[in-house]
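Work through the exercises below with the sequence and the model at hand. Each task is followed by a solution in steps.

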Amino acid sequence: MANQRMLGFVHTAQRMPDKRPAAERRQDFAEIYARFSDERANEQANRCSQCGVPFCQVHCPVSNNIPDWLKLTSEGRLEEAYEVSQATNNFPEICGRICPQDRLCEGNCVIEQSTHGAVTIGSVEKYINDTAWDQGWVKPRKPSRELGVSVGIIGAGPAGLAAAEELRAKGYEVHVYDRYDRMGGLLVYGIPGFKLEKSVVERRVQLLADAGVVYHPNFEVGRDASLPELRRKHVAVLVATGVYKARDIKAPGSGLGNIVAALDYLTTSNKVSLGDSVEAYENGSLNAAGKHVVVLGGGDTAMDCVRTAIRQGAASVKCLYRRDRKNMPGSQREVAHAEEEGVEFIWQAAPEGFVGENRGGDSVVTGVRAVRIHLGVADATGRQTPQVIEGSEFTVQADLVIKALGFEPEDLPTLFGEAELKVTRWGTLLVDHRSKMTNLEGVFAAGDIVRGASLVVWAIRDGRDAAEGIHAYARAKAETPVAVAAE
């Protein structure tokens, strides 16, 4: 295809890939968007203005060179577009699916600011990289030489796997230890298939194995080996466990049955989708079928829960959030998808307690007592302070309540058998900003266990940065400098 002139936004409207009707997608866990056709991808990529200051790239945590791969796509030079895309991102086809582009690259697109509608960056990114897989362009990054030293990585989520790929490409022997039976962390067990089909993660996991990364599933640090033991085994250890401890709500009735944590609910659903038999699903305790479901929270995890409940055949699904729609931390696109699929949002409402009854000898929840919220004067961060409206109490019917209130770190010094490991006052690991090393020599950390619950794309960035820190440490530690292998 001949070189095309950009600035297509002048005559071409923004258009997303075709989206399956809500009535159809409620019935399964398949992704809701189709892939762009070649013609549509070229057309939408051509809308890029190639602006002098690419705010899309500035607001991308991994600094993707977005304008360049949009231009290459518009010219039909897809293999080159793929090379540019994967140069800064270990999982570009995953980010194209699950990144909140409306808050990052697309939300800061110059065309978006000029009211023409952002370039559909995420959908083009997905198209480029899915095409690369189909065409066989994606190859394992095997090192040109082995360095003869090993690195241990605790956690097979996006931070751990990104670091694993970077370190393996440099020539390290890389061992990844994870508590689950499948590699991928929350990419596998925390994100539903309608946002990220598991085959997309599985092929990446296999790609790293083909490059020589060694996986140790069902391996729990503190049970199967302590952190000191892993430190003696490897030149460096990276802690990339994420944050899995659910924030709880302390309110009257919170101990009633059928009030569950979001991650337990999502993990069960994903395991069932992967073909596993899960007792909690079979006996109905973590299955929304036929139930009136209330989800507490307004982040992306809450959106995953409400949309999962719809697909499990819930009688009704409501989401309680204490602020208004524009102040939701979750993606606005996800809110729109949920509304289309039949979720009811109760804005500016906060739970104050739970009511229940005895059924078959067990006390189970039957409703959520809530109050209306007024958003008052903005605090130091600019967010309005929620204030309870007196006399506004009401009760929402509920057979299943899912708490999606965020996540906190586990007590890693105790779990890992390493009391000297320093944590912040929030329980996250304390690291040097540049090297990503903790207070323990040779122990590094990356991802949510450092920054708190955050985005997959930030975990990828942290994993890449930690790999560089580990490489610098290993070279400095060696009696003779470790040669830099060609990548």
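**Exercise 1. Place Glu229 in the chain, and decide whether Glu229 is buried, partly exposed or exposed.**

Step 1. Glu229 belongs to helix H12, where helices (H or I, at least four residues) and strands (E, at least two) are DSSP runs, numbered from the N terminus.

Step 2. The relative accessible area of Glu229 is 38%. Buried means under 20% relative accessible area, exposed over 50%, and partly exposed in between (1.4 Å probe, protein chains only). Glu229 is therefore partly exposed.

Step 3. Gly417 lies 188 residues from Glu229 along the chain, and 9.6 Å separates their C-alpha atoms.

A note on the source: this is a predicted model, in which local features need pLDDT of at least 70, side-chain atom pairs count only at pLDDT 80 or more, and totals for chains, interfaces and linings use all residues. Residues are numbered from 1 along each chain as its sequence is written, and side-chain values use heavy atoms, with hydrogens and water left out.

**Exercise 2. Find the aromatic pair formed by Tyr177 and describe its geometry.**

Step 1. Rings of Phe, Tyr and Trp (its six-membered ring) pair if their centres lie within 6.5 Å; planes under 30 degrees apart count as stacked, over 60 as edge-to-face and the rest as tilted. This rule gives 6 aromatic pairs.

Step 2. Tyr177 pairs with Phe219 at 4.7 Å centre to centre, with 50° between the planes, and the pair is tilted.

Step 3. The two residues are 42 apart and come from distant parts of the chain: Tyr177 from strand E2 (residues 173-177), and Phe219 from the loop between strand E3 (214-216) and helix H12 (227-233). Both Tyr177 and Phe219 are buried.

**Exercise 3. Describe the pair of Tyr180 and Tyr189 and what adjoins it.**

Step 1. Tyr180 and Tyr189 form a tilted pair, 4.9 Å centre to centre and 50° between the planes.

Step 2. Tyr180 counts as buried because its relative accessibility is 15%. Tyr189 has 1%, so Tyr189 counts as buried as well.

Step 3. Together with Tyr244, these two residues form a cluster linked by ring pairs.

Step 4. A charge sits over a ring if NZ of Lys or CZ of Arg is within 6 Å of the ring centre and within 35 degrees of the ring normal. The charged end of Lys271 sits over the ring of Tyr189, 5.5 Å from its centre. Elsewhere, the charged end of Arg372 sits over the ring of Phe394, at 4.2 Å from the centre.

**Exercise 4. List the buried residues of helix H5 and say how they are arranged.**

Step 1. In H5 (residues 78-86), the buried residues are Leu78, Ala81, Tyr82 and Ser85.

Step 2. Viewed down the axis of H5, they fall within an arc of 100° (taken from the directions from the helix axis to the C-beta atoms), so they line one face of the helix.

Step 3. A general point helps here: an α-helix has 3.6 residues a turn, so residues three or four places apart point the same way.

Step 4. The cover over these buried residues includes helix H4 (66-74), helix H6 (92-98) and helix H8 (121-135), with contact meaning heavy atoms within 4.5 Å.

**Exercise 5. Trace the neighbours of strand E1.**

Step 1. In E1 (residues 150-154), 5 of the 5 residues are buried. Ser150, Gly152 and Ile154 are on one side, Val151 and Ile153 on the other, and both faces are covered.

Step 2. Two strands pair if DSSP finds at least two bridges between them. E1 runs parallel to E2, joined by 5 bridges, and Ile154 has Tyr177 as its bridge partner there.

Step 3. From E1 the chain passes through helix H9 (residues 158-170) to E2 in a right-handed β-α-β crossover. Right-handed means that, with the strands pointing away from the viewer, the path from the first strand over the helix to the second runs clockwise.

Step 4. E1 is also joined by 4 bridges to strand E4 (residues 236-239), and these strands run parallel. Ile153 has Leu238 in E4 as its bridge partner.

**Exercise 6. Explain why strand E8 counts as largely enclosed, and name strands that pair with E8.**

Step 1. Of the 6 residues of E8 (residues 316-321), 5 are buried, so E8 is largely enclosed by the rest of the structure.

Step 2. Strand E7 (residues 292-296) runs parallel to E8 with 5 bridges; His292 stands opposite Ser316.

Step 3. E8 also runs parallel to strand E9 (residues 344-347), with 4 bridges.
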